[in-house]
Amino acid sequence: MLSRTADNLYWLSRYVERAEYLARILDATQRLSALPLAYVGTGNEWESAVLTAGCAGSFFKTYETATEENVTDYLAFSTANPSSIRNCFEMARGNARAVRTALTGEMWDAINGTWLELKRFGTGPGSREETSRFLRWVQESSLRFDGSAYRTMLRNDAYWFSRLGVYMERADNTARILDVKYHLLLPDNERVGGPLDYFQWAAILRSVSALTSYHWVYRESLKPWLVADLLILKEEMPRSLASCYEAIVRNLDAIATHYGRQGPSQRQARGVRTRLQNSKMDGIFQRGLHEFIGEFITENNRLGMAITEQFLQ
Amino acid sequence: MSSAFDEMKGHDGTAVRPAYGELDRWLKEVPPDVLDYRRREAELIFRRIGITFAVYGEADATERLIPFDVIPRIMAAEEWRRLEKGLTQRVNALNLFIKDVYGDREILRAGIVPEDMIFRNPAFRPEMNGQTVPHDIYVQIAGIDIIRVDADTFYVLEDNARTPSGVSYMLENREIMMRLFPELFSRHRIAPVENYPDELLATLRSVAPRSTSREPNVVLLTPGVYNSAYYEHSFLADKLGVELVEGRDLFVKDEIVYMRTTQGPQRVDVIYRRVDDDFIDPLAFRPDSILGVPGLMSAYTAGNVTLANAVGTGIADDKAIYSFMPDIVKFYLGEEPLLKNVPTWRCREPEHLSYVLDHLPELVVKEVHGSGGYGMLIGPSASKIAIEQFRAKLKTAPDNFIAQPTLALSTSPTCVEQGVAPRHVDLRPFVLTGSNGVRIVPGGLTRVALKEGSLVVNSSQGGGTKDTWVLDK
């Protein structure tokens with residue numbers, strides 16, 4: 001297939017996935033900030049949301065402090081923030097339009113419908129209820145798009161590149177949450193926040209839609225090290241790093257088999273996956289959770305570049 | 001204009017013509033709000049699938065819908081058969097004419113078409129002189145604009161031999177109609193059009209360079225997402241199952257065209273290009289073009305790739321050349337033209353010009369290289385001032401214009417604000433020419449002037465479209 005087409009498909013999926021992630025962060029933060037102060041400590045949740053979204057730099061150029069209002073606006077509706085939900089959908093639709101032929105009718109319908117509906121929300125909802133409705137709509141839109149891709153695309157390279165986009169973005173997002181919140185997940189975190197952090201842990205799980213899964217996997221009350229385990233090493237958890245890399249390797253392998261050639265991106269992806277498979281939480285905590293996450297983010301970015309070089313240009 | 005022929009009710013407006021019998025009965029049964037409801041539903045569907053076009057020069061109109069009329073335009077099988085013969089003849093003549101113009105130039109030597117009309121024509125491509133093209137086919141895809149003035153008379157209004165557009169509307173209009181009015185379909189036997197993409201692909205494959213040994217690799221070259229017909233390009237590529245490429249996806253090495261793929265360079269044999277001559281190769285034509293592929297002309301003239309349509313076919317779109325079409329048909333085929341030409345005055349000829357200047361209020365005056373309904377004067381509906389302004393333009397550069405009588409385009413029942421009313425229509429059938437002959441799917445794009453009395457059907461001027469039914473018996 002055309003390199004440009006593969007590139008558009010890859011980014012189309014990344015942008016839709018990112019929009020959903022941002023909606024989840026906002027949703028989780030909204031819940032957290034609605035709690036009485038005594039339950040969540042004194043931290044500024046909205047600042048933390050900006051950090052997790054990875055746009056603190058540009059945000060604080062515009063705003064001095066992070067409030068519910070300006071963070072919601074910046075992450076969801078801003079036209080100035082290149083990674084706002086609005087812009088993610090705009091970019092996704094732009095990419096979709098450029099590769100209409102590689103999309104199924106259902107996928108186009110999903111993304112174009114989303115883009116048309118986006119206009120209905122105007123410059124942003126006025127009330128909290130409207131914001132909630134908006135965030136739910138964003139998640140539904142992403143589910144609809146993802147579902148239509150999954151259910152209707154031919155299983156060929158177009159599909160694999162589009163899946164790669166999903167998992168590369170997802171791995172990056174989960175890693176970013178961990179990067180910002182790692183201090184809450186250390187085993188002896190009593191020093192950091194004590195049992196008050198229950199709601200923080202719940203919020204982390206919620207932003208990767210894993211709160212229910214947690215209980216199914218561990219059948220235990222929330223323990224920070226188990227939360228870390230779930231998000232990093234549990235392959236059965238769809239947003240964990242391990243699960244993302246399982247999927248990345250699988251899709252890159254499908255491409256390699258189809259093209260009859262392995263390349264640098266396949267080798268790199270397998271390397272990262274093997275490291276995740278051979279890791280135990282104890283070891284990760286001993287070496288330093290933060291360092292581990294930092295290295296992962298670097299590796300993930302390197303893989304992104306390798307994929308671009310090998311296929312997309 | 002009151003004398004216009006109505007496709008449903010003929011000239012006198014009393015007896016319903018047989019092809020429209022069933023539709024007429026149905027229109028009488030169906031409550032008006034149902035029509036209106038379906039019309040809105042159609043618009044919604046169109047917007048959702050994203051069938052939009054852009055109108056150049058309108059800031060806020062990057063994506064606009066062409067209005068769709070839910071009442072079909074119907075042709076009897078016999079009418080279509082006649083039209084089909086005429087179209088085949090016309091396009092065969094066009095191909096022979098273009099081959100001759102860039103080859104032996106017999107028609108010029110025979111004094112039938114004046115030389116300077118060819119050589120001084122901006123659409124003439126000297127680069128094509130003496131070039132042969134695969135299978136001698138220049139116009140693989142033609143859109144011939146047809147108007148009707150009475151039960152028996154069809155005129156060709158324009159030949160579009162460059163990159164005719166609109167075929168996606170023909171296909172989508174049918175899809176929508178089948179979705180919205182299944183009951184109407186069960187009451188008619190309508191010839192299908194959905195095989196057009198198949199026919200097109202077969203045509204394109206058949207014109208691959210003769211040296212191509214494997215299955216030819218066909219691509220569709222688009223100027224990109226900002227082009228007004230981008231929707232159509234992507235739609236067609238999808239239906240054809242070929243890659244939709246932009247200039248930057250292709251490159252030329254050693255006079256061979258390749259596309260950049262995820263598996264490295266892949267050779268291209270046939271390019272269905274929807275990019276004008278001017279822009280296809282910055283090395284050969286406009287150096288500022290970023291839409292094209294540097295070196296494409298060298299690969300083309302080396303015979304390593306087929307361009308559909310060929311370079312230089314614009315010569316046949318010229319409205320002054322058009323006026324010679326009856327002679328062109330006779331010259332190459334030795335036959336009487338089956339389709340009439342609209343009588344045309346060439347303003348470059350002094351007697352014609354003086355006639356035109358004397359009769360401006362009754363004539364339609366067009367630029368010879370114009371298209372899309374831009375820059376024309378419709379005498380009967382123009383203001384005195386507009387006519388005088390046009391007169392001045394005409395006097396300064398008479399060569400640029402032709403004039404035609406204001407023809408009463410036939411009307412067809414159309415759903416408008418006030419209910420169902422007659423509106424003027426034209427028809428653009430799409431004629432495919434491959435190495436194994438001419439193929440035309442029964443039907444085409446019917447364009448309709450939605451404003452009462454208006455004769456301008458162009459979408460850029462507020463025209464709409466209709467589904468076109470050719471009855472299968």
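The exercises below, each with a worked solution, concern chains A and B of a predicted model.

**Exercise 1. Overall form of chain A**

Determine the secondary structure of chain A, and decide whether its radius of gyration agrees with the globule rule.

*Solution.* Begin with the secondary structure, which in chain A comes to 16 helices and zero strands. Next, take the radius of gyration, which is 19 Å, and set it beside the 20 Å that the globule rule gives for 313 residues; the two values are close, so chain A is as compact as a globular protein of that length. The extents of the C-alpha trace can then be added, since along the principal axes of chain A it spans about 55 × 50 × 35 Å. Finally, turn to burial and contacts: 49% of the 313 residues of chain A count as buried, and among the contacts in chain A with a separation of 6 or more, 69% are accounted for by residues 24 or more positions apart.

**Exercise 2. Packing of α1(A) against α3(A)**

Classify the relative direction of helices α1 and α3 of chain A, and describe the residues through which they meet.

*Solution.* The first step is the geometry: helix α1 of chain A (residues 3–34) packs with helix α3 of chain A (residues 45–53) at an angle of about 165 degrees, their axes being 10 Å apart. Because angles over 145 degrees count as roughly antiparallel, α1(A) is roughly antiparallel to α3(A). The second step is the handedness, and here α1(A) passes α3(A) in a right-handed crossing. The third step is the list of residues: α1(A) contributes Leu22(A), Ile25(A), Leu26(A), Thr29(A), Leu32(A) and Ser33(A), which meet Glu45(A), Trp46(A), Ala49(A), Thr52(A) and Ala53(A) of α3(A). Sorted by class, the residues of this contact of α1(A) with α3(A) comprise seven nonpolar, three polar and one charged.

**Exercise 3. Packing of α1(A) against α10(A)**

Carry out the corresponding analysis for α1(A) and α10(A), giving the crossing, the residues and their classes.

*Solution.* Start again from the axes: those of α1(A) and helix α10 of chain A (residues 198–207) come within 8 Å and cross at roughly 155 degrees. The cut-off for a roughly antiparallel pair is an angle over 145 degrees, and α1(A) and α10(A) are therefore roughly antiparallel to each other. The crossing in which α1(A) passes α10(A) is right-handed. On the side of α1(A) the contact is made by Arg24(A), Ile25(A), Ala28(A), Arg31(A) and Leu32(A), and on the side of α10(A) by Phe199(A), Ala203(A), Arg206(A) and Ser207(A). The classes of the contact of α1(A) with α10(A) are five nonpolar, one polar and three charged residues.

**Exercise 4. The contact between the chains**

State how many residues each chain gives to the contact, and identify the element of chain A with the largest share.

*Solution.* Count by chain to begin with: the contact takes 16 residues from chain A and 15 residues from chain B. Then assign the side of chain A to its elements, where α1, α6 (85–98) and α7 (105–118) of chain A are those that give two or more residues. Of these, α7(A) supplies the largest share, four residues. As a last step, divide the side of chain A that touches chain B by class, which yields seven nonpolar, four polar and five charged residues.

**Exercise 5. Chain B and the surroundings of Arg423(B)**

Describe the overall form of chain B, then decide whether Arg423(B) is buried or exposed.

*Solution.* For the chain as a whole, the secondary structure of chain B holds 15 helices and 21 strands. Its radius of gyration is 22 Å, which agrees with the value near 23 Å that a compact globule of 473 residues would have, and the C-alpha trace of chain B spans about 65 × 55 × 45 Å along its principal axes. Buried residues make up 45% of chain B.

Now narrow the view to Arg423(B), which lies in strand β17 (residues 419–428) of chain B. Arg423(B) has 26 other C-beta atoms within 10 Å, and because 20 or more are needed for burial, Arg423(B) is buried. Its contacts, neighbours within four places in sequence left aside, are Thr411(B), Ser412(B), Thr414(B), Val416(B), Val448(B), Ala449(B) and Leu450(B). One of these, Ala449(B), is 26 residues from Arg423(B) along the chain, yet the C-alpha atoms of the two are separated by 6.2 Å.

Methods
Residues are numbered from 1 along each chain as its sequence is written. Chains are lettered from A and ligands numbered from 1 in the order in which they are written. This is a predicted model: local features need pLDDT of at least 70, side-chain atom pairs count only at pLDDT 80 or more; totals for chains, interfaces and linings use all residues. Axes are lines fitted to C-alpha atoms, for helices over the stretch in contact, and angles run from 0 to 180 degrees between N-to-C directions. Angles under 35 degrees count as roughly parallel, over 145 as roughly antiparallel, 65 to 115 as roughly perpendicular and the rest as oblique. A crossing is left-handed if the near helix is turned anticlockwise from the far one by less than a right angle, and right-handed if clockwise. Two residues are in contact if their C-beta atoms, placed from the backbone, lie within 7 Å. Ala, Val, Leu, Ile, Met, Phe, Trp, Tyr, Cys and Pro count as nonpolar, Asp, Glu, Lys and Arg as charged, and the others, Gly among them, as polar. The radius of gyration is taken over C-alpha atoms; the globule rule is 2.2 Å times the number of residues to the power 0.38. A residue is buried if 20 or more other C-beta atoms lie within 10 Å of its own, exposed if 12 or fewer, and partly exposed in between; C-beta atoms are placed from the backbone.
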